[in-house]
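Trainee: Please pick one part of this model and take me through it closely, then set it against the rest of the chain. Give the cut-offs as you go.

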Amino acid sequence: SCDFPSGSRFPIGTTTVTCSASDSPPIPIPGTDPQEFTNDEVGTAVFTVTVRDSTPPGVTVPANISAEATSAAGRVVTVSASATDVVSGLITPVCTPASGSTFALGTTTVTCTATDGAGNASSGTFTVTVTDTTRPVVTPPADVVAEATGPGGATVSYPAATASDLVGGTLAAPCVPASGSTYALGVTTVTCTATDAVGNTGSATFTVTVRDTTRPVVTVPAPITVTTTGTTATVAYTVTASDAVGVTTLGCSAAGASNVTTTGGTFPVGTSTVNCAATDAAGNSASKSFTVTVNKAGYGGLDGVYAKDSKNAKSAVPLDFGFIGSGSSARVDSSLAAPSVKVYYAGKSCPGVKPASPTRTYPSGSSDYRYSASSQNWQFNWKPSVNRLGAGCYYVAVKSDQTGQEFESTRGPITLTK
């Protein structure tokens, strides 16, 4: 028999196995004690059993890994591998590059090696591929609003756009249309684009709005004064308007006048206000005005003054007069004459001595003046007592505020009684 029966589990290493054998059954020897055997022979033999470990561990590695770069250096990647051995059991492989290393852009082969207690080693490999597929991030300037400087729009400049990339860092981001270009009226979308080293492209947009909010500038002449012998006068002048983008309409008007344009019109006697307005294509408008004064040509003289009815200093004394035409003895329309009556006290009896300055002036425009178009006659309701003018001799003159002419009465002085 053997001290390690066949089928026993032997430890790793070399084990000596001893086996022995004897004769069986024993043969008694005559003439001896029966307990004694004459042929009880035992034989032994030894051999060794060597158990060795030459099987390498089995290594399990992950599938190939793809990862996105997080910087110019690549990316930190964590990997995990395992190994089992029939003798050593679970073994932690050693991987190169190690888990948690920074893997550069591109493909890196990772080798993981496991070694058992007997020194048997085996390896497994996989790849880590770090790629850059992330677009750069573009930051455009803020939207721009500009005022048009001409029909073509405006030249607009804006701050540069910026761009950043995980791998490339700071990148240029040119914009189209470029800063300093001429932008048309309205809204233009500007696109700014950045491209990294591997061709990833990012873009962002902003708007440039060119608008026209500026009013046209209207230029009118200074006040105009003309003289006519009739009731109207044709007056020429020039009105213009300018605008950065362009004037679309320009016109003038005046109440009571006719055929009024930007170059002239026909105006009645008196003062007319000419209103001119301009509009541009954006609807901005502006206006400006000036005056045209048409004065009646100078009168030839005075017809009157007639003192009718009462000539009592204590009552109202109507004074009648009219203006005659130049080179004529006939009365003419003097509705716009704006007469002012002046009286000169010459003494208690006529003819007396007329003083150099009027004793009293009655300005035009008061309710005491009335005009009759049919008889072309002015009547002034003179009230001497209101101004403490008593009986005596008075010379009368009439000034036309319209023409600046002054005429003395053609009827001589007036005597007022008590």
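Mentor: What follows starts with one hairpin and works outward to loops, a sheet, side-chain rings and the whole protein.

The model is predicted, so local features need pLDDT of at least 70 and side-chain atom pairs count only at pLDDT 80 or more, while totals for chains, interfaces and linings use all residues. Residues are numbered from 1 along each chain as its sequence is written, and side-chain values use heavy atoms, with hydrogens and water left out.

The hairpin is made of S33 and S34, with 4 residues between them. Strands here are DSSP runs of E with at least two residues, helices are runs of H or I with at least four residues, and both are numbered from the N terminus. S33 covers residues 369–372 and S34 covers residues 377–382; the two pair in the antiparallel sense over 4 bridges. Two strands count as paired if DSSP finds at least two bridges between them. Within the hairpin, Tyr 369 stands opposite Phe 380 of S34.

The turn holds a backbone feature to check. Gln 376 has a positive phi of about 50°, although it is not a glycine, and its place is in the loop between S33 and S34. Gln 376 counts as partly exposed because its relative accessibility is 23%; buried means under 20% relative accessible area, exposed over 50%, and partly exposed in between (1.4 Å probe, protein chains only).

The loop after S34 has another such residue. Arg 388 sits between S34 and strand S35 (392–400), and its phi is near 60°, a positive value in a residue other than glycine. Arg 388 counts as exposed because its relative accessibility is 80%.

Other loops carry cis peptide bonds. One joins Thr 96 to Pro 97, with omega near -5°; Pro 97 lies in the loop between strand S8 (94–96) and strand S9 (101–103). Another joins Val 176 and Pro 177, with omega about -5°. Pro 177 lies in the loop between S17 and strand S18 (181–183).

S17 also belongs to an open sheet of 4 strands, in the order S13-S20-S19-S17, with mixed pairing. Its edge strands are S13 (144–147) and S17 (175–176), each of which pairs on one side only. S13 and S20 (residues 201–211) pair in the parallel sense over 4 bridges. Glu 147 has Arg 211 in S20 as its bridge partner.

Next come the rings. A search of the whole structure finds 12 aromatic pairs. One of them is Phe 4 with Phe 10, which is tilted, at 5.5 Å centre to centre and 40° between the planes. Rings of Phe, Tyr and Trp (its six-membered ring) pair if their centres lie within 6.5 Å; planes under 30 degrees apart count as stacked, over 60 as edge-to-face and the rest as tilted. Phe 4 is partly exposed, at 34% relative accessibility, whereas Phe 10 is buried, at a relative accessible area of 19%. Phe 321 and Phe 323 form an edge-to-face pair, 6.2 Å centre to centre with 85° between the planes. Both Phe 321 and Phe 323 are buried, and they belong to one aromatic cluster with Tyr 299 and Phe 407.

Two rings have a charge above them. The charged end of Lys 354 sits over the ring of Tyr 344, 4.4 Å from its centre, and Arg 360 lies over the face of Tyr 362 at 5.7 Å from the ring centre. The test asks for NZ of Lys or CZ of Arg within 6 Å of the ring centre and within 35 degrees of the ring normal.

Now the whole protein. Its secondary structure comes to 0 helices and 37 strands. The C-alpha trace spans about 225 × 40 × 35 Å along its principal axes. The radius of gyration is 64 Å, where a compact globule of 418 residues would have one near 22 Å; the value is taken over C-alpha atoms, and the globule rule is 2.2 Å times the number of residues to the power 0.38.

Buried residues make up 34% of the 418 residues. Of the contacts with a separation of 6 or more, 59% join residues 24 or more positions apart, a contact being heavy atoms within 4.5 Å. The protein exposes about 22,400 Å², of which carbon and sulfur atoms supply 52%. Accessible areas come from the Shrake-Rupley method with a 1.4 Å probe, and for residues only the protein chains shown count as cover.
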